[in-house]
Amino acid sequence: MSVAIFPASGGLGTSTYTHLLDSKQIPASDVVLISRFPDKTPKLYQEQGVQLRRATFEDSPADLEAAFRGVKTLFLISYPSHNRSYRTPLQLAALDAAHRAGVKHVFYSSLAFALPEKDTTRAEVMGTHLDTEAHLRKIAAQDPEFTWTSVREGLYSESTPIYTAFIDLKDPASTEIRIPHDGSGPGISWAKRDELGEATAVLIAQYFKDPANFPWKNKIVLLTGAREWSLAETAKVLSSVAGRELTIRQVSVDEYVNQPQVLEHFGSAELARTWATSWEAIRDGETAYVSPTLEQLLGRRPEEFDVTVKNLYGAK
């Protein structure tokens, strides 16, 4: 029963297959890594006998179906964009191709907005995840042999720049985080990306070993950090890294969008404006829920947000 990860690149995909293969819970010969550049897979895993295939979300339906052929379990990692109108069609097409190819169970990397299990959101970035979860339910309703598990992966501790207007921690003149939010709670239950990959690998291995009794079939799994951090508390952690006090200054969406570093990251004011809906969702408490599942799957308490950030940047 082959298990595929697509795309098997990027931070979450690499973390997941690394933990999966290093744990030896699934024979390497049963693991299929599908990516744009399969030859970039570390030689260590190639030598263990993993199957390598090339595909991208932008491929034709026929090419995607061919890439998924022979796969029974697929971990589909979401397309790296927050643009719902572009992202949703790509992901639904990939799911349909996987179903036609004979995939019987899909793990999907959703996101930890709309917590705990809401089907509406204020955040543009969560829209495609809800669309994809709805499509998984639709396929399962039409095909009783098809099942799914949506893993609402916690907001990465490593992703603080995108939630703090990309403030330059090395620039002594940068002291204000200008975002359309005042920093007060509710906040975010940050989670370390590598621990999310590790926990997802545990879920995949559990299903591989005993699919009949897998407890998360046709369900949403919530993976979050062990506590909620307000954006003001997040700024304090970043202050310890920067070696100076960083404060949040609430600004209008227009002022946020027009910051040079924000425009540089998103490439257009329109995309920056749609990203700003994330703070509306945070304000409504969509990211504040704390679930014990990550700790249960890891078998230990998840690494605290401040520890991750200080290790990432080096506290002064």
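In this predicted model, the axes of helix α3 (residues 61–68) and helix α4 come within 8 Å and cross at roughly 50°. That angle makes α3 oblique to α4, because it falls in none of the ranges for roughly parallel, roughly antiparallel or roughly perpendicular helices. The crossing of the two helices is right-handed. On the α3 side, the contact is made by Pro61, Leu64, Glu65 and Phe68. On the α4 side, Ala94, Ala97, Ala98, Arg100 and Ala101 take part. By class, the residues of this contact divide into seven nonpolar, no polar and two charged.

Helix α4 also has a place in the wider fold, which is built around a sheet. Seven strands form this open sheet. Their order is β3-β2-β1-β4-β5-β6-β8, and the pairing is parallel. The edge strands are β3 (51–54) and β8 (219–223). Each of these pairs on one side only. From one strand to the next, the twist averages 20°.

Within the sheet, strand β5 covers residues 105–111 and strand β6 covers residues 147–153. These two strands pair in the parallel sense over seven bridges. Val106 has its bridge partner in β6, namely Trp148.

Two helices that pack on the sheet can be described through the strands they touch. Helix α1 (residues 10–23) touches β1 (2–6), β2 (31–35), β4 (71–77), β5 and β6. The direction of α1 makes about 140° with that of β4. Helix α4 (residues 84–101) packs on the sheet as well, touching β4 and β5. The direction of α4 makes about 170° with that of β4.

Helix α1 has a helical partner too. Helix α1 and helix α7 (residues 193–209) pack at an angle of about 50°. Their axes lie 8 Å apart. The two helices are therefore oblique to each other. Helix α1 passes α7 in a right-handed crossing. The residues of α1 in this contact are Gly11, Leu12, Ser15, Thr16, His19 and Leu20. They meet Arg193, Asp194, Leu196, Gly197, Glu198, Thr200, Ala201, Ile204 and Ala205 in α7. By class, the contact of α1 with α7 has six nonpolar, six polar and three charged residues.

A further helix pair involves α8 and α14. Helix α8 (residues 231–242) and helix α14 (residues 305–313) pack at an angle of about 30°. Their axes are 10 Å apart. Angles under 35 degrees count as roughly parallel, and α8 and α14 are therefore roughly parallel to each other. Their crossing is right-handed. Helix α8 contributes Thr234, Val237, Leu238, Ser240 and Val241 to the contact. Helix α14 contributes Phe305, Asp306, Val309, Lys310 and Tyr313. By class, this contact has six nonpolar, two polar and two charged residues.

The database record adds an annotation. An unreviewed UniProt entry places the feature "domain: NmrA-like" at residues 3–258. The end C-alpha atoms of this span lie 44 Å apart. The span is 40% helix and 18% strand.

Methods. Residues numbered from 1 in each chain as written. Predicted model: local features only at pLDDT ≥ 70, side-chain atom pairs only at ≥ 80, totals over all residues. Heavy atoms only, no water. UniProt positions renumbered as here; feature names shortened; annotations may be inferred. Helix = DSSP H or I, 4+ residues; strand = E, 2+ residues; numbered from the N terminus. Pairing = 2+ DSSP bridges. Axes fitted to C-alpha atoms, helices over the stretch in contact; angles between N-to-C directions. Contact = heavy atoms within 4.5 Å. Parallel < 35°, antiparallel > 145°, perpendicular 65-115°, else oblique. Left-handed = near helix turned anticlockwise from the far one by under 90°. Nonpolar A, V, L, I, M, F, W, Y, C, P; charged D, E, K, R; others polar.
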